[in-house]
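Here are my notes on the structure you sent over. Please read them with the sequence and the structure open.

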Amino acid sequence: HDLVEQSKRAKERADRDIAERACLGIENVLVEGKLASEDNQKSLVTDLKTLKETDPIKYSKQIDVVKKKLESMQESDYVRNCFDKKLDIELSATYETLNALKTQLWCHFDVDLKLIEQAVRMQLDDLKTNVQLEVDRQHLHPRYSELESTRRFAGVVTTFSIFSSQLPKIKAKFALDARENMLTQFRKLDLSSDNNMTILSKIIVKNWGVSRELGSSKEFKGEIQNKLLKKIGDAQRSVLGQALQKMQSDESTSEMSKLASEVIAEFPEFTSIARELYNKKAGSVTFKNALDHPDFKTEGEDLDKKALMMAFTTFDETYTKYVEEIVSSYHTYSQDKVLKSITKLSALLQGCRTSLQNEAKEVGELLGLVSAQWSFLTARKEGCTDLKRTDVMQPHGTQILGILCLLGLGSPALADRLVQIGTGEGKSISLGMTSVLLALLGFSVDVVCYSRYLSERDYDTFRDLFHNVGVSHRIHYHDINQLTSKVMQGGTNMPNARAAFLALLKG
């Protein structure tokens, strides 16, 4: 009898120990974030099964604890916070975790997902309402240009399709509504009136933004081509192009300015008009004007203006010689001769590439040759047959000054160059040309932009030149996220952020 009692007590102690370990295991996996792990989910199921077999009372209590935890993961406040902070991936992962637990915990209790599904749908309904308001607004509305809700909706469609399979269809409907609303506004305007071209440009730019965010850029372009550009004359197209160019240069509305830039780049009709306007405007500012202008200020060093002027003079002589050939007829342009000269000069300069101040003439000539080649390739790609100087894609005084400063022409060394160029003054061209010259000197070049769209657009602008002069393998365009990933994954040249920030604070 004593042996039986001892054995019974020993089993009870063992069961208590096992139950205690199971409770600790459950407590451990219920810590914030751990339930997302498949291993932790399996551990939870195993520990609950163990408790059920060893201590029914503790099992019942732990079931209540687990239920409470899963309910807290579905609270409307949590869902709203995720939406407000755009934590879409986290919220989606939470739902997938709950769904997985519903499958695995079926023999213990039913995991009801109605709370989180209802909370997410409420947020989606609010977002859809706001998108419809943005799409339906007329051009006189003070918040007409806002795209925040449309952009947000486009971002959640893929992530939250697990909650609603109708989201892609709703997205397509919004895009269709936007195009129909745009065409309705077109019909209300007198398209023969120059005064209405500013309003028209605003409508086009806003709806381009909507269409791009909702993935219907192709359909938008078709509507503009067929329902607008084919119905207005050359004079109206020119005025419309000028209105878009003005919007692009307006720094007070940065969002619309960026979108106007995209519209101009997407439509050849607007690109040629904008280019001619830009060439006339930029061409009126000579290199010397830019160099002597009071807005051209330097900090931390005195630039060698003599070297800069010498480089420009050589550039101008070289570029003018070859661009006149292009304007005359690009069929007789000396492309092979230019490419050989580029190769020869690049090899010559590679030996002193970190300090080019004393090589102003050679750098100016190389820049002139590369610029001429770019103008030629662009004219050929666009199939121009009736060229004039204002139609040719070309760098101008402000851009040349920026390029030469980035290359360190006015300074003792090529390092730590920072140049500020105003909106509409040609940052894309300055960066593209600088990238080519640096690559020709043997450097690997990373060009970064805040927008992936603009980064890809700018790369496409210079793609043919990169390949033509043989440096495409050295030049890489990124948005900020892509460059960050590249640096993080590369494992080398990682900046010491803490030290850099402290140095900045200390001045």
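The points below go from the whole chain down to one residue.

1. Status. This is a predicted model. Every value below is computed from that model.

2. Secondary structure. The chain holds 22 helices. Beside them there are two strands.

3. Overall dimensions. What radius of gyration does the chain have, set against a compact globule of 507 residues? The chain has 32 Å, whereas such a globule would come out near 23 Å. Along the principal axes, the C-alpha atoms fill a box of roughly 115 × 65 × 45 Å.

4. Burial and contacts. Of the 507 residues, 45% are buried. Now take the contacts between residues at least 6 apart in sequence. Of these, 73% join residues at least 24 apart.

5. Surface. The accessible surface is about 27,400 Å². Carbon and sulfur atoms account for 51% of that area.

6. Charge. How many side chains of each sign does the chain carry? There are 69 positive and 70 negative ones. The centres of the two sets lie 1 Å apart.

7. One backbone detail. Look at K86, in the loop between α4 (76-84) and α5 (88-104). K86 is not a glycine, yet its phi is positive, at about 60°. Is K86 buried or exposed? K86 counts as exposed because its relative accessibility is 53%, and the cut-off for exposed is over 50%.

Definitions and conventions: Residues are numbered from 1 along each chain as its sequence is written. This is a predicted model: local features need pLDDT of at least 70, side-chain atom pairs count only at pLDDT 80 or more; totals for chains, interfaces and linings use all residues. Side-chain values use heavy atoms; hydrogens and water are left out. Helices (H or I, at least four residues) and strands (E, at least two) are DSSP runs, numbered from the N terminus. The radius of gyration is taken over C-alpha atoms; the globule rule is 2.2 Å times the number of residues to the power 0.38. Buried means under 20% relative accessible area, exposed over 50%, partly exposed in between (1.4 Å probe, protein chains only). Contact means heavy atoms within 4.5 Å. Accessible areas come from the Shrake-Rupley method with a 1.4 Å probe; for residues, only the protein chains shown count as cover. Lys and Arg count as positive and Asp and Glu as negative; His and the chain ends are not counted. The place of a charge is taken as NZ of Lys, CZ of Arg, CG of Asp or CD of Glu.
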